[in-house]
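Colleague: Could you take a close look with me at one part of this model, the strands and how they pair, and then walk outward to what packs around them? I would like the cut-offs spelled out as you go.

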Amino acid sequence: MNSTRILNKPPRRLTKPQVFSFILSVCLTLASIVTFAQENPPPNVILIITDDQGYGDLGYTGNPHIITPTIDKLASESVRFNNFYVSPVCAPTRSSLMTGRYSLRTGVRDTYNGGAIMASDEVTIAEMLKQADYKTGIFGKWHLGDNYPSRPRDQGFDESVIHLSGGMGQVGDITTYFKGDRSYFDPVLWHNDKKEAYTGYCSDIFTEQAINFIEKNKTSPFFCYLSFNAPHTPLQVPDSYYQRYKDIDPSSGFQNDSRPFKKMTEKNKEEARKVYAMVTNIDDNLNKLFKRLDELQIADNTIIIFMTDNGPQQTRYIAGMRGLKGNVYQGGVRVPFYVKYPSSAVKDTTIETMAAHIDVLPTLAEICGVEFPKNRQIDGKSLLPLIKGKAIDWADRSLFFYWSRRYPELYYNMALQKGGYKLVGKTNYNAPIEDFELFNLKIDPYEQNNILPEYKPMAKQLKEALDSIYSDLRTSKNLLDPPRIPIGSIHENPVILNRNDAGGERGMWDQEEIYGKWDVRIEQGYYDIKFKFIRPVKANGKMYLETNTLVQQLLNEQEETDMIEMKSVFFPKMECDLIPFYAVDRKRIFPLWVEIQKIR
């Protein structure tokens, strides 16, 4: 047969019945695809994280005093990762959670001192899920930048109700700082980047706003990031919750327990009572949220993740682990992590494999069927194979931990964990291997026995791995070239520069006589500027504003005042350190915050 003739044969015309049959088959195929999509819509995702709630602040993890029936029930119905890790402090944990990357890659190196601003080119879970038309909302704590382009709404969230900086009542949260011991009640929050007054207790408010968001988006896939600021200090809680704990002894019940427990002072006990009350309030709020999911008939298609951001700040029950918040020992970095995945056949299961905050983004990418960013280093791995019992390549994985102010301090409060072993550095930059600690977590989960003298070759191998990842992370682009806050942008005018994002001296908080600055990028124009001080400053001092070689000064002839204004200040376009201070009586007083508005 002549193949050329067959290839050149004119197409055969279809009869009308054949055309009708073809169209019908296409329609049936499309209908089946639509039906499948309707029956298997993308799952909703609720990511719940609490602030400074340690591993032991749950009934499920063995605490005999705390009342958490809702979270305990969630844990019993979930896939539980029993060896789940985060960073020792909050902003680094949150940047890793949102991006799947070690925090130093994102530009986040601290909780304040200007080190808690995430680079705007990072891709968050919210931005990733918007590829699949998810509606996205955050309610509570963000702590990754309070100015454009690092705010939640700049980073993929459609709806945002948050407080500023690292905590309500802290110096960076300008709308609650002066409320003192009532900062958690009736707060002014930031709704879609605008100030808005709310009535009630903060955790109740954030939950209510999350429920409102879910109700509005119940028919489309949504991502709800419910990020409680409790039980972070200041330890404020409605009295009705405190009354449930006021008579307990949080140190009791462990006398016959062989695990190591740190002795609690009377101050520790009172702090524990308040923390437990705050956690019980969160538990009640989650009960309201979960009931609403049932009422809306969307619980079966909603993934719920519960976790905390680091260990406890105060001494209390932590299941015998060593260390608190800020420490690379287990007590500072091991937290509960529960995944309730209704469409999965795997439920009420404990997974012992080491996992971490960096794994959440790639996990949700796989579950929700979206691409995660390919043009950058993603340090995490999808946990879905572990959940399905199909993971085979996790044995050689390592996790890096560190914590110190400003930048990592070589070998100080630094650790690397791999294969059940953990190398801890609490020493000098040039220390010999003998100055490190090595723990076998499988037989010594409480890090009581340093086995380094007997396993020195292993310790050296782990130190080489630690050196490699430290060298990689400390040269990250966003760390070497940190984000600058834009001034004069159409996206945010005026701009309020707060203490949380101010650099300068280490440990800057609410001190008045301290050197501080903000890293900014200014558009050319004329600006009105307000300088707000913690306490009124004396008259007959001078207000200075330094920006590169341009220095503006103004004699203050008013009586004592906590607000000084400079009108119609001209700036050329520039990148600079913005350095304000008030000079009086040989003192240089740094403002609490600065508001800068471009007027032309």
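Modeller: Happily; what follows starts with a single strand and then moves to the sheets and helices.

This is a predicted model, in which local features need pLDDT of at least 70 and side-chain atom pairs count only at pLDDT 80 or more, while totals for chains, interfaces and linings use all residues. Residues are numbered from 1 along each chain as its sequence is written, and side-chain values use heavy atoms, with hydrogens and water left out.

Let us begin with strand β8, residues 222–227. Helices (H or I, at least four residues) and strands (E, at least two) are DSSP runs, numbered from the N terminus. In β8, 6 of the 6 residues are buried, so the strand is largely enclosed by the rest of the structure. Here buried means under 20% relative accessible area, exposed means over 50%, and partly exposed lies in between, with a 1.4 Å probe and protein chains only. In a regular strand the side chains alternate between the two faces of the sheet. In β8, F222, C224 and L226 point one way, F223, Y225 and S227 point the other way, and all are buried.

Strand β8 has parallel partners. Strand β1 (residues 44–50) pairs with β8 over 5 bridges in the parallel sense, with I49 standing opposite S227. Strand β4 (residues 135–141) also runs parallel to β8, joined to it by 6 bridges, and there G137 has C224 as its bridge partner. Two strands count as paired if DSSP finds at least two bridges between them.

Next comes an open sheet of 4 strands in the order β14-β15-β16-β17, with antiparallel pairing. Its edge strands are β14 (398–402) and β17 (437–440), each pairing on one side only. On average, neighbouring strands of this sheet are turned by 15° against each other, direction ignored. Strand β16 (residues 421–426) and β17 run antiparallel and are joined by 4 bridges; L423 has L438 in β17 as its bridge partner. Helix α13 (residues 456–474) packs on this sheet and touches β14, β15 (412–418), β16 and β17, its direction making about 110° with that of β15. Contact means heavy atoms within 4.5 Å. Axes are lines fitted to C-alpha atoms, for helices over the stretch in contact, and angles run from 0 to 180 degrees between N-to-C directions.

Another open sheet has 3 strands in the order β10-β3-β13, and its pairing is mixed. β10 (334–335) and β13 (355–356) stand at the edges with a single partner strand each, so one side of each is left without a neighbour in the sheet. Strand β3 (residues 84–85) pairs with β13 in the parallel sense over 2 bridges, and Y85 has A356 as its bridge partner.

V79 lies in strand β2 (residues 79–81) and is buried, with a relative accessible area of 1%. Not counting residues up to four places away in sequence, V79 touches F337, Y338, V339, V346, T349, I351 and I387. Of these, V346 is 267 residues from V79 in sequence, yet their C-alpha atoms are 7.1 Å apart in space.

Finally, a helix pair: α7 (residues 202–216) and α9 (residues 266–295) pack at an angle of about 10°, with their axes 10 Å apart. Residues of α7 in this contact include I211 and I214, and those of α9 include I282 and L289.
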